[in-house]
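Please open the model in your viewer and keep the selection tool at hand. The tour below goes from stop to stop, saying at each one what to select and what is found there.

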Amino acid sequence: QVQLVESGGGLVWPGGSLNISCAASESIFTFSTMGWYRQDLGKGRELVAEMPVGGNPNYLDSVKGRFTISRDGAKNTMYLQMNSLKPEDTAFYYCYATIGSRIYWGRGTQVTVSS
């Protein structure tokens with residue numbers, strides 16, 4: 001069973017940065033796609049960034065130029081570097097990974113942008 005564990009969330013001032021991580025229990029090269037969703041109270045879930053194998057990263061329009069998705073195969077870890085954070089980026093961030101038609105989820109990490 002694939003396990004994904006997020007870390008690195010927290011409270012940050014507007015304009016600040018955070019780098020959240022998603023550690024996988026197996027080689028990330030096993031996965032077809034990895035990415036990040038977020039969801040805030042009263043709002044729907046939205047895809048923030050995804051990284052398909054062999055493809056280019058895709059980003060939610062509102063985070064383009066501010067967020068960067070990456071991964072480290074040696075550490076079996078995916079990252080989301082978030083810069084110039086805004087209050088509207090506040091949400092619970094979940095990582096996911098797919099193998100064929102199966103999708104696996106982490107438990108999430110809270111990101112709060114507030115002064």
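Which residues form one aromatic cluster? Select Tyr37, Tyr96 and Trp105, and you have the cluster on screen. Keep in mind throughout that what you are looking at is a predicted model.

**The whole chain**

Before zooming in, colour the model by secondary structure: the protein has 0 helices and 11 strands, so that from the N terminus on the elements run β-β-β-β-β-β-β-β-β-β-β. The radius of gyration is 13 Å, close to the 13 Å that the globule rule gives for 115 residues, and the protein is therefore as compact as a globular protein of that length. Along the principal axes, the C-alpha atoms fill a box of roughly 40 × 25 × 25 Å. If you switch on a surface, its accessible area comes to about 6100 Å², with 48% of that belonging to carbon and sulfur atoms, while 39% of the 115 residues count as buried. Among contacts with a separation of 6 or more, 53% are made by residues 24 or more positions apart.

**The aromatic cluster**

Return now to the three rings. A search of the whole structure finds 4 aromatic pairs. In one of them, the rings of Tyr37 and Trp105 have their centres 5.4 Å apart and their planes at 55 degrees, so this pair is tilted. It links distant parts of the chain, since Tyr37 belongs to strand 4 (residues 33-39) and Trp105 to strand 10 (residues 102-105), 68 residues apart.

Next, keep Trp105 selected and add Tyr96. The centres of these two rings are 5.7 Å apart and their planes stand at 45 degrees, so this pair is tilted as well. How covered are the two partners? Tyr96 has a relative accessibility of 5% and therefore counts as buried, whereas Trp105, at 33%, counts as partly exposed.

One further side chain is worth adding to this view: the charged end of Arg45 sits over the ring of Tyr37, 5.0 Å from its centre.

**Strand 4 and its partners**

Select strand 4 as a whole, which is mostly covered, with 5 of its 7 residues buried. Strand 4 pairs with strand 5 (residues 46-52) in the antiparallel sense over 6 bridges, and along this pairing Tyr37 stands opposite Leu47 in strand 5. The two strands form a hairpin with 6 residues between them, and if you select Gly42 in the turn you will find a residue with a positive phi of about 80 degrees.

Strand 4 also pairs with strand 9 (residues 91-99), again in the antiparallel sense, over 7 bridges. To see one of the paired positions, select Thr33, whose bridge partner in strand 9 is Thr98.

**Out to the loop at Arg107**

Move next to Arg107, in the loop between strand 10 and strand 11 (109-113). Is Arg107 buried or exposed? With a relative accessible area of 77%, Arg107 is exposed. From Arg107 to Tyr96 the distance is 9.6 Å, C-alpha to C-alpha, with their positions 11 residues apart in sequence. Not counting residues up to four places away in sequence, Arg107 touches Leu4, Glu6, Phe92 and Tyr94.

**Ser21 and strand 3**

For the last stop, select Ser21, which lies in strand 3 (residues 18-24). At 15% relative accessibility, Ser21 is below the 20% cut-off and so counts as buried. Leaving aside neighbours within four places in sequence, Ser21 is in contact with Val5, Glu6, Ser7, Trp36, Thr77, Met78 and Tyr79. Glu6, which you met among the contacts of Arg107, thus appears here among those of Ser21 too.

Extend the selection to the whole of strand 3, which is mostly covered, with 5 of its 7 residues buried. Strand 3 pairs in the antiparallel sense with strand 1 (residues 4-7) over 4 bridges, where Glu6 stands opposite Cys22 in strand 3. Strand 3 pairs in the antiparallel sense with strand 8 (residues 77-82) as well, over 6 bridges, and in strand 8 the bridge partner of Ala23 is Thr77.

Methods. Residues numbered from 1 in each chain as written. Predicted model: local features only at pLDDT ≥ 70, side-chain atom pairs only at ≥ 80, totals over all residues. Heavy atoms only, no water. Phe/Tyr/Trp six-rings, centres within 6.5 Å; stacked < 30°, edge-to-face > 60°. Buried < 20%, exposed > 50% of the residue type's maximum accessible area, 1.4 Å probe, protein only. Lys NZ or Arg CZ within 6 Å of the ring centre and 35° of its normal. Pairing = 2+ DSSP bridges. Contact = heavy atoms within 4.5 Å. Rg over C-alpha atoms; globule rule 2.2 N^0.38 Å. Areas by Shrake-Rupley, 256 points an atom, 1.4 Å probe, with all protein chains shown as cover.
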